[in-house]
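Here is a guided walk through one protein model with a bound ligand. Please keep the sequence and the 3D view open side by side as you read.

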Amino acid sequence: RPKISTGGGELGTISEDGGGSRIMVFVRLRPMGKKEKEAGSRCCVRIVDRHDVYLTEFASETDYLRLKRLRGRHFSFDASFPESTTQQEVYATTTAELVEGVLHGRNGSVFCYGATGAGKTYTMLGTIENPGVMVLAIKDLFLKIRQRSFDGNHVVHLSYLEVYNETVRDLLSPGRPLVLREDKQGIVAAGLTQYRAYSTDEVMALLQQGNQNRTTEPTRANETSSRSHAILQVVAEYREKVSGNVINRVGKLSLIDLAGSERALATDQRTQRSLEGANINRSLLALSSCINALVEGKKHIPYRNSKLTQLLKDSLGGPCNTVMIANISPSNLSFGETQNTLHWADRAKEIKTKACPVNEETQQVHESETDQARLLLELQKENSD
Ligand code: ADP
Ligand code: MG
């Protein structure tokens, strides 16, 4: 089986110079759930080594060990995480490097893809005892900022939004749907709350609250909808005055918990649901069309086909360091969904992203106070308060 070629860089690394790279793709297998055990399900997935996943409909673990060759398929990824992998290990392998990049003014995004129940929200948000990538990334960001002497010049803002049924909502301050607009930084949701974060402590509670604001299924009021996509944006801005110049550097990290990738129509066919189904399919279908177009190197990438792909535009085609985590269940009851997830993860490996430049501006400070210098002074004052 051929190993993934990274186009110059080492396997599993993002090129240092931010040169054109590809999406990094990881697979995380979750432990068998209680309900799955009770339903008598067998394990149909095996993490063979650090990179390889083996999927088979017909084998148990012992069959695999006994026969070694069964009807099934091998997939190879940048890393494949077995059931026992901790949240910290997942964070360190998939996202830590992107957080470092953000501090250097490079954009990054991580998205979790997979069927409902496969472990996306666990991976992204996690629990109080086992916080996920969103929380660990912010914690690490603050740690890295503190380790540098210039910490006073860093400002971190968070926003958390949802795309549900082709409607965009602010999860930090729920209200009317937000309108997407294009500005020089790309697609932005107008009026979205930018929460200024000072430490990690407040963040978990904030995100949990935000998650509670995610749209729930009308029939299962306590359950977060499997049809909502949640996007956390972490923006780290750095300003420094060096011999009459103001350096302004901005890095954005987007952490995305996608809606369930299963075919929504197959699970519920009532009228209201089929509309939601059509829309959820529209967003994920648009995502797959974009992935296809990017893999094929097409000139036109159909980002405009859905709200989700508009919002992910700079995460998919770059300039951005992008990571995909495909979540899968070990149960043979989810075989079809797992196969589908691995198929798309395998395809996403081939996406080449554009070179990821550093978002940095240097401006001369003139005799009279420029806006930049005034901002810097305000910032310094704010930090010293
Ligand atoms: P999704 O968001 O993909 O629908 P969840 O993240 O809600 O799925 O996971 C479904 C269930 O499995 C939850 O009860 C969650 O706590 C559990 N779970 C998922 N991944 C893991 C894991 N790696 N370790 C332990 N429990 C997990
Ligand atoms: Mg979820």
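The paragraphs below go from the whole chain to its sheets, its loops and the ligand site.

Let's begin with the ground rules. This is a predicted model, in which local features need pLDDT of at least 70 and side-chain atom pairs count only at pLDDT 80 or more, while totals for chains, interfaces and linings use all residues. Residues are numbered from 1 along each chain as its sequence is written, and chains are lettered from A and ligands numbered from 1 in the order in which they are written.

The protein chain holds 13 helices and 19 strands; these are DSSP runs numbered from the N terminus, with helices being H or I of at least four residues and strands E of at least two. Of its 385 residues, 42% count as buried. A residue is buried if 20 or more other C-beta atoms lie within 10 Å of its own, exposed if 12 or fewer, and partly exposed in between, with C-beta atoms placed from the backbone. Contacts tell you about the chain's long-range wiring: among those with a separation of 6 or more, 69% link residues 24 or more positions apart. Two residues are in contact here if their C-beta atoms, placed from the backbone, lie within 7 Å.

Now turn to an open sheet of three strands, ordered S3-S4-S5 with antiparallel pairing; two strands pair if DSSP finds at least two bridges between them. Strand S3 (45-47) and strand S5 (73-76) each have a single partner strand, so at these edges one side of each is left without a neighbour in the sheet. From one strand to the next, the twist averages 20°. Helix H12 (residues 335-348) packs on this sheet and touches S3, S4 and S5, and its direction makes about 145° with that of S4. For such angles, axes are lines fitted to C-alpha atoms, for helices over the stretch in contact, and values run from 0 to 180 degrees between N-to-C directions. S3 is joined to strand S4 (residues 52-55) by three bridges in the antiparallel sense, and you can find Val 45 opposite Leu 55 in S4.

Next, follow strand S15 (residues 228-242). Antiparallel to it runs strand S8 (residues 154-164), with 11 bridges joining the two; in this pairing Val 156 stands opposite Ala 236. S15 also pairs with strand S16 (residues 245-257), again in the antiparallel sense, over 13 bridges. In S16, Ser 254 is the bridge partner of Gln 233 and Leu 253 is that of Val 234. The hairpin of S15 and S16 has two residues between the strands, and Ser 243 takes a positive phi near 35° there. S16 pairs with S7 as well, in the parallel sense and over five bridges. Ser 254 in S16 turns up once more here, standing opposite Ser 109.

The loop between S8 and strand S9 (167-170) is worth a look for its backbone angles. Asn 165 lies in this loop and has a positive phi of about 55° although it is not a glycine. Glu 166, also placed between S8 and S9, is another non-glycine residue with a positive phi, about 60°. Are these residues buried or exposed? Asn 165 is buried, with 21 other C-beta atoms within 10 Å, whereas Glu 166 has 16 such neighbours and counts as partly exposed.

Finally, come to the loop between strand S7 (108-113) and helix H5 (120-124), where Ala 118 lies. Gly 119 has its place in that loop too. An unreviewed UniProt entry carries the annotation "binding site" for residues including Ala 118 and Gly 119; such annotations may be inferred rather than shown by experiment. Ala 118 counts as buried because it has 25 C-beta neighbours inside 10 Å, and Gly 119 counts as buried with 20. Leaving aside residues up to four places away in sequence, Ala 118 touches Arg 30, Asn 327, Ile 328 and Ser 329. On the same basis, Gly 119 is in contact with Arg 28, Arg 30, Gly 114 and Asn 327.

Around ligand 1 there are 14 residues, the closest being Arg 30, Gly 119, Lys 120, Thr 121 and Tyr 122. H5 gives the largest share of this shell, three residues.

Technical notes
A residue is near a molecule or strand if its C-beta atom, placed from the backbone, lies within 6 Å of it.
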